[in-house]
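Work through the exercises below with the structure open. Each task is followed by a solution in steps.

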Amino acid sequence: MCLEDIIRVIKGRRCVRSFREGEIPNEYIHKILEAGIWAPSGGNIQPWEFIVVRNRDMIDKIKLVSPGLFGDPSVIIVVCINLEKAKRGGRIGESMAIIDVSMAAQNIMLVAYALGIGSCPIVSFSKTAVKELLDIPKYVEPILLITLGYTDKWPNPPARRPLEEVVHYEKY
Amino acid sequence: MKNTNIVKDPHFKLLSFLITSARGCIDEPQLYGSLRLIDAAARLIDIMMVEGKTTEELLNLKKAIEENIVLVMYDEKKYIEFLDRLVKDLAKIIKSA
Ligand SMILES: Cc1cc2nc3c(=O)[nH]c(=O)nc-3n(C[C@H](O)[C@H](O)[C@H](O)COP(=O)(O)O)c2cc1C
């Protein structure tokens, strides 16, 4: 394992909001999703479900109801929580499920980046409309869209709050 | 009647954007209301372009919006400064009309 490569991928991943055309091979999509399911989850409940949208017309329809989605991605992964499964986490089940799918989402974006594919997580979309468009059942809740696509424009890294500001050793 | 073409109609696209934004804005950060409005403005200029109603000044406004819109996510101060410039440019267009 090469630590430098991991750090390079973590630091190099950017939110891409401008894509060029280019089909993402199925084997890449498979690798990306596999990274998703290897995320940790509370109680190993794995409350996630992923809907992979590659159909151009459907991508355009999702764009219509997603004000926070910029650019023309080749693929949209709708990251969902299965509420039935999340229930197994007790009263904190749903909030824990959000943490779980977030970890899966990060894995997905990191592996996409390692494969040369740009991505962006999007929370600004209409869940109601996406549920209707994709026939998502009541017990499944879409949480995040992840756009995927090739790009010629990797954005500059936005500033991070420095370690000194956000890290507290031993006590706050 | 199933209207498959409506989803490609630029006015309908703007309409969908406005309706879903109206709902989204209730839960989202306050500044995102401004973001959606300025995004809608750029989309409106697109429509005006198709209808042959744009001028060079309007296209410059659209270019400025496209170049600066993401500032809202990275730098609030610069985003507001950009909006101030945009309003000034708009005022110049109105003044010279
Ligand atoms: C939970 C979450 C929701 C986000 N929603 C959106 C969104 O709706 N639209 C968008 O363009 N970016 C969205 N982003 C991307 C952030 O704006 C971006 O991660 C942040 O500005 C840092 O940029 P970087 O990821 O390139 O380092 C979201 C990110 C996260 C983690």
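**Exercise 1.** Find the element of chain B that holds Ile94(B), and decide whether Ile94(B) counts as buried or exposed.

Solution. The model is a predicted one. Step one is to place the residue: Ile94(B) belongs to helix α5 of chain B. Step two is to take its relative accessibility, which is 56%. The cut-off for exposed is over 50%, so Ile94(B) counts as exposed. Step three sets Ile94(B) beside Ala64(B): the two are 30 residues apart in sequence, and their C-alpha atoms are 17 Å apart in space.

**Exercise 2.** Describe the make-up of chain B by its elements, its extent and its contacts.

Solution. Begin with the elements: chain B has five helices and zero strands, and from the N terminus on the order is α-α-α-α-α. Next take the extent: the C-alpha trace spans about 45 × 35 × 20 Å along its principal axes. Then take burial: of the 97 residues in chain B, 28% are buried. Last come the contacts with a separation of 6 or more; in chain B, 48% of these are between residues 24 or more positions apart.

**Exercise 3.** Check whether the span of helix α2 of chain B agrees or disagrees with its number of residues, then state what its buried residues pack against.

Solution. Helix α2(B) covers residues 31-50, which is 20 residues. The expected span is 1.5 Å times one less than the number of residues, so α2(B) should span 28 Å. The end C-alpha atoms are 30 Å apart, which agrees. For the second part, list the buried residues: Leu35(B), Arg36(B), Ile38(B), Asp39(B), Ala40(B), Ala42(B), Ile45(B) and Ile47(B). They pack against α1 (10-27), α3 (56-68), α4 (71-74) and α5 (76-95) of chain B. Just after the helix, Gly52(B) has a positive phi of about 70°.

**Exercise 4.** Describe how helices α2 and α5 of chain A cross, and name the residues that make the contact.

Solution. The helices are α2 (residues 26-37) and α5 (residues 93-114) of chain A; their axes come within 7 Å and cross at roughly 150°. The crossing is right-handed. From α2(A), the contact uses Lys31(A), Ile32(A), Ala35(A) and Gly36(A), and from α5(A), Ala104(A), Asn107(A), Ile108(A), Val111(A) and Ala112(A). Sorted by type, these residues are six nonpolar, two polar and one charged.

**Exercise 5.** Locate the largest nonpolar core and say which elements supply it.

Solution. The largest nonpolar core has 24 residues, and Ile24(A), Ile32(A), Ile77(A), Ile117(A), Ile146(A) and Leu148(A) have the most contacts inside it. At least two residues of this core come from each of α2, β2 (75-82), α5 and β4 (140-149) of chain A. The largest share, seven residues, is from α5(A). Now follow Ile32(A): apart from neighbours within four places in sequence, Ile32(A) is in contact with Ile77(A), Ile108(A), Val111(A), Ala112(A), Leu115(A), Ile117(A) and Leu148(A). A second, separate core of 20 residues includes Cys15(A), Ile76(A), Ala129(A) and Val140(A).

**Exercise 6.** In the loop between α2 and β1 of chain A, classify Asn44(A) and Gln46(A) by accessibility.

Solution. Asn44(A) is in the loop between α2 and β1 (48-53) of chain A, and Gln46(A) is in the loop between α2 and β1 of chain A. At 52% relative accessibility Asn44(A) counts as exposed; Gln46(A), at 31%, counts as partly exposed. For the backbone, Asn44(A) has a positive phi near 50°, and Gln46(A) has a positive phi near 50°.

Key: Residues numbered from 1 in each chain as written. Chains lettered and ligands numbered in written order. Predicted model: local features only at pLDDT ≥ 70, side-chain atom pairs only at ≥ 80, totals over all residues. Heavy atoms only, no water. Helix = DSSP H or I, 4+ residues; strand = E, 2+ residues; numbered from the N terminus. Buried < 20%, exposed > 50% of the residue type's maximum accessible area, 1.4 Å probe, protein only. Contact = heavy atoms within 4.5 Å. Axes fitted to C-alpha atoms, helices over the stretch in contact; angles between N-to-C directions. Left-handed = near helix turned anticlockwise from the far one by under 90°. Nonpolar A, V, L, I, M, F, W, Y, C, P; charged D, E, K, R; others polar. Core = buried A, V, L, I, M, F, W, Y, C linked by side-chain atoms within 4.5 Å.
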